[in-house]
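Good morning, colleagues. Please bring up the sequence and the structure before I begin.

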Amino acid sequence: MKKTILLVDDFENTRYVTRITLRRYGYNILEAADGLEALKLFDGRKIDLLITDQNMPNMDGITLVEKIRSMKNYKYIPILLLTTEKSIEKKRRAQRAGITGWIQKPFTFKNFTKLVQKALK
Amino acid sequence: MEDFKERFIEDASELISDLESDLLVIEKEPKNKELIERIFRVMHNLKGVSAMYGFEKIGKLTHHLETIYDFIRDGKLQISDKILNITLNSVDILRNLLEDSELSNAEFKSSYEDFFAEILEFINKIDKKNPIVEKNNRNKFSTYYIIFFPEEDIFLRGVNIFSIFEEIDEIGEFKVFPHINEEIESKKNPLNCFLFWEIYLVTNKPKEEIDDIFIFVDLEYEVHKLSNENLFLYENFNEEIKKELLEEKINIENLKIFIEHNKKKILIEEKEEVKNKINKKKKGFQFSEQKTKNIRVDSDKLDELMNLVSEFVITQAELSLIAKNNNITQLSDISEKIQKLSVRLRNNAFDIRLVPIRHKLVNFQRLVRDLSSELGKDLEFITEGVDTEVDKTILDQLTNPLIHIIRNSIDHGIEFPEERELKNKNRKGKIFFKAMLSNSNIIIQIEDDGAGIDTKIIQEKAIEKGLISPDVILSNKEILELIFLPGFSTAKKITDVSGRGVGMDVVKKRISNMRGEIKISSKIDEGTAISISLPLTLSIVDALLVKVSKTHFLIPINSINSCDEIKLDKLKNSNNKRLILNDKLIPFIHLRKEFEMKKENEKTEKIVVIDYEEKEVALIVDDIIGKHQAVLKPLGDIYDNSTIISRASIIGNGDIALVIDTNKLVKKLIY
């Protein structure tokens, strides 16, 4: 069965390139422009991985992650956070919110897909 | 693959046992050339096949031993005590390698390495011109110490801890020590992780790969390189790990210092150890007892066993009849017990004779490989259901016909790559080999996606050869059947492979002799399929004993669907030979009428519904007596042509019951 990945980023260009890359690996892609929009997609459908940006209007990445971790059906899905942050302190905070791993921006696609594949394992 | 491996192990164990006994003889006759030659052969054979099955170490070892015996063969070397010792030790090492090819047992590993060094040293001594320098494997590996200290919320973050360990396992050899993290208070919450792990990892992969494994938990682990070699090889290192573990907290710096400090010690001790081991070996090394999974038995003995079981079954039937006729309950009890035992005995005896088709697969694969390259055809041999088990006699008898069919497929069926391209087919032809069980039959299908058989050519050829007359109109199916006629061969040019005029007719005869059937279907440019159906077992079947007039008949249980009753007048009213059973209209065969037996007055008739190629057919009989273990006996030459009755069997009272071949009966009378 094809794995479904939800991409959340307010920047259309980022979504576009990541979408194209991931499709090539045979994943189903869902998209949302911010946390609120993304949250609506967690309506019971199958989502195997969430990749979300941190800084977005309406609802930021960490808040989205916290909300998802409190949902019964999506509690344990892997979540990758796109972030420019480097400080361990911030990373640790994101982890407490429930992220599985983070992708340091800017990223190479090789590295990006490697992390995605690993998270989906 | 696993199966091949097992067979290799079986064969290799035999070779090694032979080797051992030869060695014991050669000790007394060190000049026996024949024996030397034999030992050399064993080494040579083992060397050739072992690496193929993933036993590279056996390959390496036997390679060196072969060298030694090559010297002896050429007279450059005499059998000495030293050589005998080495070879005898090698017997034990080889045996252990068969069980533990990866040297997972540390003790064995070191004894293997010592032995290997000994052989190398010896060879380098006798052959000074070409010294063999063995790369030291120890240097390629490094030992890492990893501490993985996950936060208690790790499970809530979607991190898969198991996959972390799986990945560690993939890159090397490791020892892991889990501990409970006493600092976490909420130990009772099952969603929290309150464990942490210490891992010793030996790998030849760079440290980056370890980092990759822990990428999602990169704040929760540390990795330290302990050494540039495989420390697991040092026994006292392992001891030391255990000791360290007993202490409360592990200090990596201390551990490193310890290792640096102890390296010299380790090496010195190692030398001591090697000495000890060599001494030990001289006394006779203790090896684990080898379990024998398979034994080889003379097939005559198996046949005799089958005969005895058959006799036993017949005698049991007599006994149960006496008990029944004389109303002796005690005897009935015993007879019943014996019956149950006889069934088990029978099944067991059958089982012994069963072998998976896979065992013969190598022959076919070899054939495909050799022949296709010889003819310049590109093809793939695809198998399915090759674990299906068949009576060994059947399989043996089947091998040649199957080889012939596959040959035909490669030679006549599959086109040359260029031709296939023109037809818009994949350059690579395909031959499917499928085996499956259906009722009491084993079905083997060989299918190719080749050129198919041109029925026109077949017909012309048959007419030309005078096999059929020109004015007969035949269906495609009938034309295809012509290739089973004696003296039929369609190959345009006679190759070494097929087309020698002995062909499909011989195949068909072989199959018929085994009470089997062969069918062919073909479509031009799409391919040909040949299907062989054989009764699974040859000598004893479970059957339903029925009575028609005064004669007993046996219907194999496997083909029976259900039993029922029907009013006689209902049959009389049906003139299209169909009856209604459970709201279904099914054809019936009135056995009494078919066999032209006298009619007895009955108001109801008994029905046995049998399955025929996924359809149901009813057989009308006078009486259903019950289940019977039928020991099948051939009918003799006179009845060889009888199609409906396949065999006979003796029932308890000494009467003879005839075994109905339901497939042929239905085919003859209905379809």
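I shall discuss one region of chain A and then a sheet, a helix and a residue of chain B. Please bear in mind throughout that this is a predicted model.

Let me begin in chain A with two helices. Two packed helices are described by the angle between their axes and the distance between those axes. Helix H1, residues 12–24, and helix H5, residues 109–120, have axes that come within 11 Å and cross at roughly 60 degrees. The crossing of H1(A) and H5(A) is right-handed. From H1(A), the contact is made by Val17(A), Thr18(A), Thr21(A) and Leu22(A). H5(A) contributes Phe109(A), Phe112(A), Thr113(A) and Val116(A). By class, this contact has 5 nonpolar and 3 polar residues, and no charged ones.

Staying in chain A, I turn to the loop between strand E5, residues 101–104, and H5(A), where Lys105(A) is found. Is Lys105(A) buried, partly exposed or exposed? Its relative accessible area is 23%, and Lys105(A) is therefore partly exposed, given that buried means under 20% and exposed over 50%. Leaving aside neighbours within four places in sequence, Lys105(A) is in contact with two aspartates, Asp9(A) and Asp53(A), and also with Leu82(A), Thr83(A) and Thr84(A). Leu81(A) is 24 residues from Lys105(A) in sequence, and the two C-alpha atoms are 9.8 Å apart in space.

Now to chain B. Here we have an open sheet of 5 strands with mixed pairing, in the order E14-E17-E18-E16-E15. Strands E14(B), residues 560–567, and E15(B), residues 578–581, stand at the edges; each has a single partner strand, so one side of each is left without a neighbour in the sheet. From one strand to the next, the twist averages 40 degrees.

How do E14(B) and E17(B) pair, and over how many bridges? The pairing is antiparallel, over 7 bridges, with E17(B) covering residues 604–612. Within this pair, Ser562(B) has Val609(B) of E17(B) as its bridge partner.

A helix also lies across this sheet. Helix H20(B), residues 662–669, lies across E16(B), E17(B) and E18(B), and runs at about 100 degrees to E17(B).

My last residue is Ser649(B), in strand E20(B), residues 645–650. Its relative accessibility is 1%, so Ser649(B) counts as buried. Not counting residues up to four places away in sequence, Ser649(B) touches Leu554(B), His628(B), Ala630(B) and Val631(B), together with Asp655(B), Ile656(B) and Ala657(B).

Thank you for your attention.

Technical notes. Residues are numbered from 1 along each chain as its sequence is written. Chains are lettered from A and ligands numbered from 1 in the order in which they are written. This is a predicted model: local features need pLDDT of at least 70, side-chain atom pairs count only at pLDDT 80 or more; totals for chains, interfaces and linings use all residues. Side-chain values use heavy atoms; hydrogens and water are left out. Helices (H or I, at least four residues) and strands (E, at least two) are DSSP runs, numbered from the N terminus. Buried means under 20% relative accessible area, exposed over 50%, partly exposed in between (1.4 Å probe, protein chains only). Contact means heavy atoms within 4.5 Å. Two strands pair if DSSP finds at least two bridges between them. Axes are lines fitted to C-alpha atoms, for helices over the stretch in contact, and angles run from 0 to 180 degrees between N-to-C directions. A crossing is left-handed if the near helix is turned anticlockwise from the far one by less than a right angle, and right-handed if clockwise. Ala, Val, Leu, Ile, Met, Phe, Trp, Tyr, Cys and Pro count as nonpolar, Asp, Glu, Lys and Arg as charged, and the others, Gly among them, as polar.
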